[in-house]
Amino acid sequence: MTAIAIIGAMDEEVANIAAALNDVAVTKEAGVNVTRGTLETNKGTMVNVIATVGGMGTVNIAATTQHLIDADKPDAVIFSGIAGNLNTHLHINDVVLGGTLRYLDTDMRLVGQWKPGTAEHPVTEFHSDDRLIELADQALNDLGIHHIVGIIATGDYFVDDPRKVEQVIRETGADAVEMEGAAVAHVAARNDVPALVIRALSDNADTDYEEFKEFDISEYADTAAKLTVNIVKRM
């Protein structure tokens, strides 16, 4: 049976995904609560779904991604979350699908030597799987959500001032900035597992973190859950 790992941004999102599953079980593993269940696809087949909240930052999310890959051998990893908007043609609540994912603060001449790169040909960026992007595009169109396939920048710091925004755009050409996406795609590529990174735009990378913590993003959690379930049902 096909298995899909879903890594969400918040507990509410995973709870909403769990509500769509059958035979749900929750266990504590590797420092996170992992929800497992089954979902019927549009074709009438069953899919095993493994869902959890991954934690903020590249190390936390990489550890979670690797654990799910080791424990459940998923056929794909889907990661959804929120991000700061860097594209003047996009707006709050639009979605960026991570066609390309780049680190902000990593020397890829060194890090990129390891799989999927080599010492002779280090990788400089990572990519979501083309087929998963196609399924996400269909699901987003069905939900009426404006979206693009773009560039997502990942770094272990919160971007919230104009100088940093200008630097991120200059160095990566990104449409959105966040703290986990490239690490998910990186770990998935190292394990030969297709991945999809989805980012909903929560602000314009201009909100102080203390203020950002007070945002009510429960509506996002509901939309993200519907989106990921819709994608899995198309598999």
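Mentor: Quick ground rule before we start: helices (H or I, at least four residues) and strands (E, at least two) are DSSP runs, numbered from the N terminus. By that rule L39 is found in strand β3, residues 32–40. This is a predicted model, where local features need pLDDT of at least 70, side-chain atom pairs count only at pLDDT 80 or more, and totals for chains, interfaces and linings use all residues. Residues are numbered from 1 along each chain as its sequence is written, and side-chain values use heavy atoms, with hydrogens and water left out.

Trainee: Why is L39 called buried?

Mentor: Buried means under 20% relative accessible area, exposed over 50%, partly exposed in between (1.4 Å probe, protein chains only). L39 has 4% relative accessibility, so it counts as buried.

Trainee: And what makes N85 buried?

Mentor: Its relative accessible area is 5%, so N85 is buried. N85 is found in strand β5, residues 76–85.

Trainee: How do you know that the side chain of N85 reaches the backbone nitrogen of N87?

Mentor: A polar contact is a pair of N or O atoms within 3.5 Å; within protein, one must be able to donate a hydrogen and the other to accept it, and residues adjacent in sequence count only if both atoms are side-chain atoms. The N85 side chain reaches that nitrogen of N87 at 2.9 Å. A polar atom of the N85 side chain also lies 3.1 Å from the backbone oxygen of L90.

Trainee: Which residues does L39 touch?

Mentor: Contact means heavy atoms within 4.5 Å. Not counting residues up to four places away in sequence, L39 touches several, including A20, M46 and V229.
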